[in-house]
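Visitor: I'd like to go through this one label by label and hear the reasoning behind each. Could you show me the model?

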Amino acid sequence: MQVTRELFDEVMVPNYAPSAIIPVRGQGSRVWDQNDKEYIDFAGGIAVNCLGHCHPALVQALTEQGQKLWHLSNVMTNEPALRLAKKLTELTFADKIYFANSGAEANEAALKLARRWALDVHGQHKSQIISFTKSFHGRTFFTVTVGGQAAYSDGFGPKPGDIAHADYNDLASVGALISDNTCAVMLEPLQGEGGIISPEADFIKGVRALCDKHNALMIFDEVQTGVGRTGAMYAYQDLGVTPDILTSAKALGGGFPIGAMLTTTEIAKHLKIGTHGSTYGGNPLACAVAEAVLNVVSDSDVLAGVTEREQLFRGGLERINAKYNVFSEIRGKGLLLGAALNDTYKGQAKALLNAAAEQGLMCLIAGADVVRFTPSLVIPLQDIEQGLVRFEQAVAYLVKG
């Protein structure tokens, strides 16, 4: 059967609008489409392919596990899941791990745990969840409502209740909402979909203090920032605060679907047997791959290399901007970077993404005004340099109109 872009319109639900490009193979930070056109990958599957495409350690882990055991229900546990959970506790503050299939499911579990903890410990009055405008926490109805973008949650009927939204980096707005009725404050330690917005240190520490004052849990959504993306294993480790619950996905599986919720023994005990579950959570294939991911990414040289690559990206983007004057700032940390378009080119991030694809470069957007870069954490330096050459060609095309 011939597979074309038109087949998508014929057989797929129309909630996506994919480009005409259909990639068929990848190696490292290079991807080839059906016409054998080559692309340099600065997108990484939206911060997922943290070791690029077909990394040998991940291929080996998947191949070996695929010849042993594919799936068990959670009536039983399995060795890869237990090894992965142990590794996560060794690398973080957490004592206990819950596995799911995605970031949305990990966040759903975190929010349900926070509500159950508050009910058990404090009573029915303590149910408020505070999140932030422009945040993104997934597409389940609970998580999309907690996420601070009404465009994603409107139009589906009555929303889950007792959810409020403060403004990111505005501690006073949190203080105006939080009370002893608040069970949790959920935030990204660097907003991704909202435009690559970095947190101010005093803001993060202030939120932690307010949570402590009002006996509320602090939930860090590290679905996009986790597993080396910012140069630390998890972003909280560079911010001087420790959350009560942390969620991880995307890069955790390096391209294989998996999510995880991390927390302490004291909080975890409130998800008693039967209170929550996932058919595929803790799948042996996923956990074997994720264990291989952590073994590679947790290496100090790999994490140091993220910072080195960040500087190469920033330098290249600043040189492009000095020549064409299209960006107001370069945002983000590590290899979660955003080039924010200035007023002259406002709203044209998608046009720049499309122009980049024409030049053989895959990148992303974060809203209408920000071009986002989330490449492999081990992308070769020469691929960064060549990719920036292609990106400059796209910028030149945009400027010429």
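**Labels and the reasons for them**

Guide: Let's start in the loop between α9 (201-213) and β8 (217-221), where Asn215 sits. Keep in mind that this is a predicted model.

Visitor: What makes Asn215 stand out there?

Guide: Its backbone. Asn215 is not a glycine, yet its phi is positive, at about 55°. Most residues other than glycine have a negative phi.

Visitor: And why is Asn215 called partly exposed?

Guide: Partly exposed covers what falls between under 20% (buried) and over 50% (exposed). Asn215 has a relative accessible area of 43%, so partly exposed is the label.

Visitor: Which residue in helix α2 (residues 44-47) should I look at?

Guide: Try Ile46, which lies in that helix. Ile46 is not a glycine either, and its phi is positive at about 65°.

Visitor: Is Ile46 buried, exposed or partly exposed, and how do you know?

Guide: Its relative accessibility is 31%, so Ile46 counts as partly exposed.

Visitor: On to the cysteines. How do you know that Cys50 is in no disulfide?

Guide: The rule asks for two cysteine sulfur atoms within 2.5 Å. The count by that rule is 0 disulfides. For Cys50, the nearest cysteine sulfur belongs to Cys54 and is 14 Å away. As for accessibility, Cys50 comes out at 0%, so it counts as buried.

Visitor: What about the sulfur of Cys363?

Guide: Its closest cysteine sulfur is in Cys50, 20 Å away, so that is too far for a bond. Cys363 has a relative accessibility of 7%, and because buried means under 20%, Cys363 counts as buried.

Visitor: Now the empty space. What makes something a cavity here rather than a pocket?

Guide: A cavity is space where a 1.4 Å probe fits but cannot get out, whereas a pocket is open. There is 1 cavity of 30 Å³ or more, and the largest cavity has a volume of about 30 Å³. Its lining includes Ser135, Phe136, His137 and Tyr152.

Visitor: How does that lining divide by class?

Guide: Into 3 nonpolar, 7 polar and no charged residues. Gly counts as polar by the rule used, and Gly138, Gly147 and Gly148 are among the lining residues.

Visitor: And how much space lies in the second largest pocket?

Guide: About 740 Å³. It is lined by 30 residues, and the closest to its centre are Asn74, Ile97, Tyr98, Phe99 and Gly281. By class, that lining has 14 nonpolar, 13 polar and 3 charged residues. α4 (79-91), β4 (96-100) and β10 (259-263) each supply at least two of them.

Conventions. Residues are numbered from 1 along each chain as its sequence is written. This is a predicted model: local features need pLDDT of at least 70, side-chain atom pairs count only at pLDDT 80 or more; totals for chains, interfaces and linings use all residues. Side-chain values use heavy atoms; hydrogens and water are left out. On a 1 Å grid over the protein atoms alone, a cavity is a set of points where a 1.4 Å probe fits but cannot get out, and a pocket is an open set with protein on both sides within 12 Å along at least five of seven lines; lining residues have an atom within 4 Å of a point. Grid points are joined across faces, edges and corners, and a volume is the space filled by probe spheres set on the points. Helices (H or I, at least four residues) and strands (E, at least two) are DSSP runs, numbered from the N terminus. Buried means under 20% relative accessible area, exposed over 50%, partly exposed in between (1.4 Å probe, protein chains only).
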